[in-house]
Amino acid sequence: AVERANLLNMAKLSIKGLIESALSFGRTLDSDYPPLQQFFVVMEHCLKHGLKVRKSFLSYNKTIWGPLELVEKLYPEAEEIAASVRDLPGLKTPLGRARAWLRLALMQKKMADYLRCLIIQRDLLSEFYEYHALMMEEEGAVIVGLLVGLNVIDANLCVKGEDLDSQVGVIDFSMYLKSDDDIGGKERDVQIAVILDQKNYVEELNRQLNSTVSSLHARVDSLEKSNTKLIEEVFFFLLMCVDVEAELQTYKHSRQGLDEMYNEARRQLREESQLRQDMENELVAQVSMKHEIELAMKLLEKDIHEKQDTLIGLRQQLDEVKAINMEMYQKLQVSEDAMKEKNEIIGRLEDKTNQINATMKQLEQ
């Protein structure tokens with residue numbers, strides 16, 4: 001809690017001092033401006049507070065690029081700034097990319113918007129920060145609210161050529177310890193800067209007026225040339241009017257021939273339209289005939305399928321009849337065999353009967 005309070009106070013002093021000095025400076029800020037450099041250092045410390053240690057392939061690291069890279073998923077307009085940071089050739093570390101991201105966000109005047117959408121998603125931030133981190137508590141929301149005031153500042157920062165990987169982020173507390181001499185010296189510096197700005201403004205205004213006068217002279221010359229050209233065109237037009245009457249007569253004669261050609265073309269157009277209408281009627285008849293043929297084919301296919309089903313049923317019945325006939329034939333063979341055996345038995349019995357009769361006759365004799 002003490003660390004969060006100290007960081008919040010440092011952020012307030014840094015943002016307030018940057019805004020006041022930038023307004024008194026009155027010009028676009030660049031990368032070498034000390035209050036601006038200290039602001040980025042303070043923001044870096046605020047974003048690092050409570051950051052979880054992540055285990056990488058070879059060691060443990062703690063970087064603020066992870067949560068800042070998450071902004072592009074929450075804020076679609078941040079995709080461009082994230083892509084620009086990844087495309088910078090001189091950046092090799094995640095911390096360098098995070099520092100470049102902060103500078104680009106300040107130039108776009110979107111830092112407050114980007115960080116606001118980040119602190120709202122506490123469930124996503126919990127993957128990168130501890131529960132007691134500044135970005136997870138109310139102090140983070142207060143700092144984001146203070147960042148809105150930076151939208152009045154115009155910054156022109158050269159991120160591409162700056163060595164952001166090896167910078168040492170140390171807060172210079174001496175900048176925020178002011179004395180009366182420092183205040184008087186700063187007021188004199190501000191007055192000198194205002195005078196220089198006025199001088200530069202007058203010189204720029206004089207240069208613009210000179211360029212305006214030169215452009216007006218050039219415009220006068222061009223207008224004189226265009227006026228001469230217009231006079232020549234009017235004279236040429238008057239000469240052309242003499243031949244207009246003769247051309248009008250020629251036009252009347254040619255118009256008659258054109259009317260005849262137009263009438264002939266209209267007659268041919270009517271004939272072709274009638275022929276086209278006949279062709280369309282014939283096409284409609286052929287289309288209707290095609291539909292009827294398709295309908296007849298569907299009915300024929302249906303009839304064929306029904307007959308095929310009937311044929312399959314008849315084949316099954318035929319197979320059943322064949323099986324019954326085969327069974328009856330086998331039974332008939334068995335019956336015939338039994339009949340033959342019985343006939344043989346009857347024959348043997350008749351022989352025995354004849355023998356018995358002959359024996360009885362012998363016995364009677």
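**View 1. Glu44, Lys48 and Arg99 are tied together in a salt-bridge network.** This is a predicted model, and a search through the whole of it turns up twelve salt bridges. The three residues shown here, Glu44, Lys48 and Arg99, are linked in a network of such bridges. The next three views each zoom in on a single pair.

**View 2. Lysine 110 pairs up with glutamate 77.** The closest N and O atoms of this salt bridge sit 3.2 Å apart. It's a link between distant parts of the chain, with 33 residues separating the partners. Lysine 110 is found in the loop between α6 (94-108) and α7 (111-120), while glutamate 77 belongs to the loop between α4 (71-74) and α5 (79-87). How exposed is glutamate 77? It counts as partly exposed because its relative accessibility is 47%. Lysine 110 also gets the label partly exposed, at 23%.

**View 3. Aspartate 113 meets arginine 116 within helix α7.** Here the side chains join in a salt bridge, at 3.1 Å from N to O. The two residues are three apart in α7, so about one helical turn separates aspartate 113 from arginine 116. Aspartate 113 has a relative accessibility of 26%, which makes it partly exposed. Arginine 116 comes in at 33% and is partly exposed too.

**View 4. Glutamate 280 bridges to arginine 276 along helix α10.** Their closest N and O atoms are 3.4 Å apart. Why are glutamate 280 and arginine 276 separated by about one helical turn? Because they are four residues apart in α10, the helix that covers residues 180-364. Arginine 276 counts as exposed, with 58% relative accessibility, whereas glutamate 280 is partly exposed at 35%.

**View 5. Phe39, Trp101, Met111 and Leu147 are the best-connected members of the largest nonpolar core.** That core has 59 residues, and these four touch the most other members. Which elements give two or more residues to the core? They are α1 (2-25), α2 (34-48), α3 (65-69), α5, α6, α7 and α9 (138-147). The top contributor is α1, which supplies eight residues. For the bigger picture, buried residues account for 22% of the 365 residues in the chain.

**View 6. Tryptophan 101 and the residues it touches.** Leaving aside residues up to four places away in sequence, tryptophan 101 is in contact with Trp65, Leu68, Val71, Ile81, Val85, Tyr114 and Leu115. Stepping back to the whole chain, take the contacts between residues at least 6 apart in sequence: 74% of them join residues at least 24 apart.

**View 7. The largest cavity has a volume of about 40 Å³.** The count of cavities of 30 Å³ or more comes to two, and this view shows the largest one. Which residues line it? The lining is made up of Ala105, Leu106, Lys109, Lys110, Met111, Ala112, Leu147, Leu150 and Asn151. Sorted by class, that gives six nonpolar, one polar and two charged residues. Helices α6 and α7 each put at least two residues into the lining. Some names here will look familiar: Lys110 lines the cavity and is also the partner of glutamate 77 in a salt bridge, while Met111 and Leu147 line the cavity and are among the core residues that touch the most other members.

**View 8. The whole chain, for orientation, has ten helices and two strands.** Following the sequence, the elements run α-α-β-β-α-α-α-α-α-α-α-α.

Terms used. Residues are numbered from 1 along each chain as its sequence is written. This is a predicted model: local features need pLDDT of at least 70, side-chain atom pairs count only at pLDDT 80 or more; totals for chains, interfaces and linings use all residues. Side-chain values use heavy atoms; hydrogens and water are left out. A salt bridge is a side-chain nitrogen of Lys or Arg within 4 Å of a carboxyl oxygen of Asp or Glu. Buried means under 20% relative accessible area, exposed over 50%, partly exposed in between (1.4 Å probe, protein chains only). A nonpolar core is a set of buried Ala, Val, Leu, Ile, Met, Phe, Trp, Tyr and Cys residues joined through side-chain atoms within 4.5 Å. Contact means heavy atoms within 4.5 Å. On a 1 Å grid over the protein atoms alone, a cavity is a set of points where a 1.4 Å probe fits but cannot get out, and a pocket is an open set with protein on both sides within 12 Å along at least five of seven lines; lining residues have an atom within 4 Å of a point. Grid points are joined across faces, edges and corners, and a volume is the space filled by probe spheres set on the points. Ala, Val, Leu, Ile, Met, Phe, Trp, Tyr, Cys and Pro count as nonpolar, Asp, Glu, Lys and Arg as charged, and the others, Gly among them, as polar.
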